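Work through these exercises with the model open in your viewer. Try each task before reading its solution.

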Amino acid sequence: MLIKVEKYGAKVLRKHSALVKSDEDIEGMSTNLFDTLAKEGGIGLAAPQIGLLKRIFIMDSGPLANDDDTVDKFKHLIINPTILFVSKNENWFNEGCLSIPEIFEDVERPDKIVVKYYNEQLEPIERELSGIEARIFQHEYEHLEGILFIDKLSPIRRQMLKGKLNRIARATIK
Ligand SMILES: [Zn+2]
């Protein structure tokens, strides 16, 4: 089911999400996330963005891989993730977010991470991620903690975006 994406200013984007339990409708959550992402055309979407405070998100490199053949194609459902290790080495990437339309900013993050999560079969998975996959994982993981990518910008960059952000928030809260 296609669900409206919550925009900057919505309280749900600032809350901590709860663990997914095995008796919950994981298939339903997954369908709603994938349907909504396909319609919106992004590369990742976390449950709080569709108003659900649960620790589940999806990553789909499809839109990037179509434009750039150096990008691996992957599509994952990530349940109850943890980040076990982050590299000292960081890199920059121009990020956006479906909840913060029309704002794209360079964000610095660790370039490699080791993560643990459960997949759609509820099997535990432990993997090292790098490149775009590590990038999306960290961005989506932070949604589960109520953190947005604009929080990671320098105070001066944030100040410069204040007008745009306030306009999004006003449209959200009205
Ligand atoms: Zn986002």
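**Exercise 1. The end of a helix**

Find the residue just after α1 that takes a positive phi, and describe the helix before it.

Solution. This is a predicted model.
- Step 1: Go to Gly 41, just after α1. Its phi is positive, about 75°.
- Step 2: Go back along α1, which spans residues 26-40 and has 15 residues.
- Step 3: Check the span. From first C-alpha to last, α1 reaches 21 Å, close to the 21 Å expected at 1.5 Å a residue.

**Exercise 2. The covered side of α1**

List the residues of α1 that are buried, then name strands that cover them.

Solution.
- Step 1: Apply the cut-off: buried means under 20% relative accessible area.
- Step 2: Read off the residues of α1 that are buried: Ile 26, Gly 28, Met 29, Ser 30, Asn 32, Leu 33, Thr 36 and Leu 37.
- Step 3: Look at what lies over them. The cover includes β1 (44-46), β2 (56-60) and β3 (75-86).

**Exercise 3. Strand pairing around β3**

In which sense does β3 pair with β2, and in which with β6?

Solution.
- Step 1: Take β2 and β3. They pair in the antiparallel sense over 5 bridges. Within this pairing, Phe 57 has Ile 78 of β3 as its bridge partner.
- Step 2: Take β3 and β6 (residues 112-118). Their pairing is antiparallel, over 5 bridges. Here Ile 83 is partnered by Val 115 in β6.

**Exercise 4. A charged residue in α3**

Is Glu 140 buried or exposed, and what is the nearest side chain of opposite charge?

Solution.
- Step 1: Locate Glu 140 in helix α3 (residues 131-144).
- Step 2: Assess its burial. Glu 140 is buried.
- Step 3: Look for a charge partner. The nearest side chain of opposite charge is Arg 109, 8.4 Å away. A salt bridge needs the atoms within 4 Å, so the pair does not qualify.
- Step 4: Look for polar atoms instead. The backbone nitrogen of Ala 46 is 3.3 Å from a polar atom of the Glu 140 side chain.
- Step 5: List the contacts beyond four places in sequence. Glu 140 touches Gly 44, Leu 45, Ala 46, Gln 49, Phe 57 and Ile 58.

**Exercise 5. A long-range neighbour**

How far apart are Lys 15 and Ile 147 in sequence and in space?

Solution.
- Step 1: Place Lys 15 in the segment before α1.
- Step 2: Compare the two separations. Lys 15 and Ile 147 are 132 residues apart in sequence, and 8.4 Å apart in space, C-alpha to C-alpha.
- Step 3: Add the contacts of Lys 15 beyond four places in sequence: Leu 53, His 143, Leu 144, Glu 145 and Gly 146.
- Step 4: Classify Lys 15. Its relative accessible area is 40%, so Lys 15 is partly exposed.

Conventions
Residues are numbered from 1 along each chain as its sequence is written. This is a predicted model: local features need pLDDT of at least 70, side-chain atom pairs count only at pLDDT 80 or more; totals for chains, interfaces and linings use all residues. Side-chain values use heavy atoms; hydrogens and water are left out. Helices (H or I, at least four residues) and strands (E, at least two) are DSSP runs, numbered from the N terminus. The expected span of a helix is 1.5 Å times one less than its number of residues. Buried means under 20% relative accessible area, exposed over 50%, partly exposed in between (1.4 Å probe, protein chains only). Contact means heavy atoms within 4.5 Å. Two strands pair if DSSP finds at least two bridges between them. Lys and Arg count as positive and Asp and Glu as negative; His and the chain ends are not counted. A polar contact is a pair of N or O atoms within 3.5 Å; within protein, one must be able to donate a hydrogen and the other to accept it, and residues adjacent in sequence count only if both atoms are side-chain atoms.
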